[in-house]
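Work through the exercises below with the sequence and the 3D view open. Try each task before reading its solution.

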Amino acid sequence: MNWIVLGGSALLFVASIAVMLYVRKGLVQYTAQLLDSLDAVLAGEQGTGFLEGGDTLNGKLQAKLSQLGEALAQRSSENLRQRKQLEAIISDISHQVKTPIASIRMYHDLLGRKELGENRRTEFLDAVERQVDKLEFFMQSMIRMSQLETGIVQVRPEQNSVYGLIAQAVCDVALKAEKKRIDIVIDESVEPTVSGEEMTACFDARWTGEALFNILDNSVKYTQDGGKIVISAGKTDFFVRIGIRDNGRGIAEERIPMIFRRFYREPESAGVEGVGIGLYLAREIVMNQRGFIEIHSKVGEGTAAYVNLPVAGK
């Protein structure tokens, strides 16, 4: 048997080759493990494939991959939620627009008949105008809603007169109330004192005026002819509480949480004008100013809505 005797340099070279092969084998295994882990993350699986933990390189990489997987899963879930929400909004908008458009088409066809009398023609033209007004109101409401939700228009709260806010809302709804012979009473708690002192709160006058009008408008809509609405105001340490109480038909207790939903309308409201955005907008406006709205109601006895606005700014 012949033995090959290697010198020191040759032994060092062989050892280096052996180390390189060992490192290469480990690197290949590590790369394959890493690729499997990335595939698991992309597939939405919880595990990353690493078994090692602690402060080792593999352990740290495992933790980062796990965080990445959770972040991707959360983002995917949020995207799905937003997509479903968008689908629901589009469905609601389609439903709201479909009825007036169908009515306009119907009246258009009727108005095209030669034998139609002048009285009927005038009646149908008035009906078309009402449907156009409904579409316009709906589109304006949608614009205001999108402005608030996207932040295009932001509320800018500042110290303002509560009496002025209420007076403007009452003025805006007065004509509707008069048509139904509804008496709107502003309680003396709202009015300035003899010395000229006024109750103030921190709110955006324009947007909060719209919120209060929407609530007051709802009271007028759902209060019977000859009814009564009482508006009051009181002050606590942190809020001014504006109350709007009517003796209308009231809301069932189990439905109260639903009335602030976008496009929500009670089943019995089919004959009442509206698209179900007013109260949703009112709540968003008030909440954006660190306030809140309360609703108390009993069927057949009426509803009381309380708008709580901060006494002062931050």
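The exercises that follow concern a predicted model.

**Exercise 1. Overall layout**

Find how many helices and strands the protein has, and in what pattern they follow along the sequence.

Solution.
1. Count the elements: the secondary structure consists of 6 helices and 7 strands.
2. Read them along the sequence, which gives α-α-α-β-α-β-β-α-β-β-α-β-β.
3. Turn to burial: of the 314 residues, 35% are buried.
4. Look at contacts with a separation of 6 or more: 69% of them join residues 24 or more positions apart.
5. Finish with the surface, where the accessible area is about 20,200 Å² and carbon and sulfur atoms hold 56% of it.

**Exercise 2. The nonpolar cores**

Determine which residues have the most contacts inside the largest nonpolar core, and which element supplies its largest share.

Solution.
1. The largest nonpolar core contains 41 residues, and Ile-231 and Ile-242 have the most contacts inside it.
2. Elements that each give at least two residues to this core include helix H4 (162-179), helix H5 (205-221), strand E4 (228-235) and strand E5 (239-246).
3. The largest share, 7 residues, is supplied by H4.
4. Now list the partners of Ile-231, setting aside neighbours within four places in sequence: among them are Ile-166, Val-170, Leu-216, Ile-242 and Ile-244.
5. Asp-187 and Gly-243 are also among the contacts of Ile-231.
6. Another core, of 9 residues, lies apart from the largest one and includes Phe-138, Met-145, Phe-263 and Tyr-280.

**Exercise 3. A nonpolar patch**

Decide whether Met-20 is buried or exposed.

Solution.
1. Locate Met-20 in helix H1, which covers residues 8-42.
2. Its relative accessible area is 56%.
3. The cut-off for exposed is over 50%, so Met-20 is exposed.
4. Together with Ile-17 and Leu-21, Met-20 forms a nonpolar patch on the surface, with about 300 Å² of accessible area in total.

**Exercise 4. Cysteines**

State how many disulfides the whole structure has, then classify Cys-171 and Cys-202 as buried or exposed.

Solution.
1. A disulfide is a covalent bond between the sulfur atoms of two cysteines.
2. The search of the whole structure gives 0 disulfides.
3. Cys-171 has 53% relative accessibility and counts as exposed.
4. Cys-202 has a relative accessible area of 8% and is buried.

**Exercise 5. Salt bridges**

Find how many salt bridges the whole structure has, and work out which elements hold Lys-176 and Asp-217.

Solution.
1. Side chains of opposite charge can pair when their charged atoms come close.
2. The whole structure has 5 salt bridges.
3. One of them joins the side chains of Lys-176 and Asp-217, with 3.1 Å from N to O.
4. Lys-176 belongs to helix H4 and Asp-217 to helix H5, so this pair ties together parts 41 residues apart in sequence.
5. Compare burial: Lys-176 is partly exposed at 33%, whereas Asp-217 is buried at 6%.
6. Lys-176 and Asp-217 also belong to a network of salt bridges with Lys-221.
7. Glu-294 and Arg-241 form another salt bridge, again with 3.1 Å from N to O.
8. Glu-294 is in strand E6 and Arg-241 in strand E5, 53 residues apart, and the pair links distant parts of the chain.
9. Both residues count as partly exposed: Glu-294 at 22% and Arg-241 at 30%.

Definitions and conventions
Residues numbered from 1 in each chain as written. Predicted model: local features only at pLDDT ≥ 70, side-chain atom pairs only at ≥ 80, totals over all residues. Heavy atoms only, no water. Core = buried A, V, L, I, M, F, W, Y, C linked by side-chain atoms within 4.5 Å. Buried < 20%, exposed > 50% of the residue type's maximum accessible area, 1.4 Å probe, protein only. Helix = DSSP H or I, 4+ residues; strand = E, 2+ residues; numbered from the N terminus. Contact = heavy atoms within 4.5 Å. Patch = residues over 30% accessible without salt bridge, like charges linked within 9 Å, V, L, I, M, F, W, Y side chains within 5 Å. Areas by Shrake-Rupley, 256 points an atom, 1.4 Å probe, with all protein chains shown as cover. Salt bridge = Lys/Arg side-chain N within 4 Å of Asp/Glu carboxyl O. Disulfide = S-S within 2.5 Å.
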